Amino acid sequence: MRNVTLLGLMALALSACTVSVNTNSGLSGSRSNLISSFAPDRGEASSYRVGDQVSFRFSSRSDGYLTLISLNPAGNGSVLIRGAAVRAGTTTFPRAQDRVTYDVAPPLGLQRVRAIFTRLRPTVDVVLQGNYSSDRWNSVTTTYLTPYAPAERDVQETFFYIR
């Protein structure tokens with residue numbers, strides 16, 4: 001009987017626990033609350049097949065400029081859009097005026113996409129070349145954001161799977 005009671009108490013305690021994944025861990029400038037949401041069109045952690053098109057819903061609390069960068073499953077980075085002017089509210093990328101599509105391509109696995117938002121027009125470009133570890137990936141973002149005061153910038157990351 002004592003084991004059943006102990007097991008019941010453990011189950012109750014564990015049911016109160018919440019496990020969450022913080023995709024923004026290690027990001028400098030990701031807590032200024034300018035970005036209200038950022039996710040792929042099928043939702044974060046969704047799956048896409050090679051050849052599918054993906055879009056991203058981005059919502060901000062103020063007008064500003066958005067740069068989207070991605071890190072594919074092999075660790076190669078790319079810039080999806082640089083310094084796009086956005087109004088407060090929700091914008092879907094790519095926009096019609098961008099005249100591009102975001103087509104899902106190999107390699108298979110976890111695809112990360114980062115939204116870098118500044119209230120001021122960017123004065124530098126993000127340049128991505130080669131392969132990136134998580135530390136180097138975060139370093140690129142931090143370096144890009146250094147000229148902007150913390151209240152003038154925000155970063156959020158989302159992800160999806162390529163199957």
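Student: Which strands each supply at least two residues of the lining of the largest pocket?
Tutor: In this predicted model, they are strand 5 (77-86), strand 7 (109-118) and strand 8 (153-162). Strands are DSSP runs of E, at least two residues long, and helices are runs of H or I, at least four, numbered from the N terminus. A pocket is an open set of points on a 1 Å grid over the protein atoms alone, where a 1.4 Å probe fits, with protein on both sides within 12 Å along at least five of seven lines; lining residues have an atom within 4 Å of a point.

Student: How many residues line the largest pocket, and which lie nearest its centre?
Tutor: The lining has 17 residues, and Ser70, Leu80, Asp103, Ala105 and Gln111 lie nearest the centre.

Student: New topic: which residues of helix 2 are buried?
Tutor: Trp137, Asn138, Val140, Thr141, Tyr144 and Leu145 are buried (under 20% relative accessible area with a 1.4 Å probe, protein chains only; exposed is over 50%, partly exposed in between). Seen down the axis of helix 2, they fall within an arc of 150° (taken from the directions from the axis to the C-beta atoms), so they line one face.

Student: What covers them?
Tutor: The cover includes strand 4 (64-71), strand 5, strand 7 and strand 8. The face of helix 2 turned away from the buried side carries exposed Asp135 and Thr143.

Student: And Ser59, buried or exposed?
Tutor: Ser59 lies in strand 3 (residues 56-60), and it counts as buried because its relative accessibility is 9%. Beyond neighbours within four places in sequence, Ser59 is in contact (heavy atoms within 4.5 Å) with Leu34, Ile35, Ser36, Ser37, Gly89 and Thr90.

Student: What limits apply to these values?
Tutor: Local features need pLDDT of at least 70, side-chain atom pairs count only at pLDDT 80 or more, and totals for chains, interfaces and linings use all residues. Residues are numbered from 1 along each chain as its sequence is written, and side-chain values use heavy atoms, leaving out hydrogens and water.
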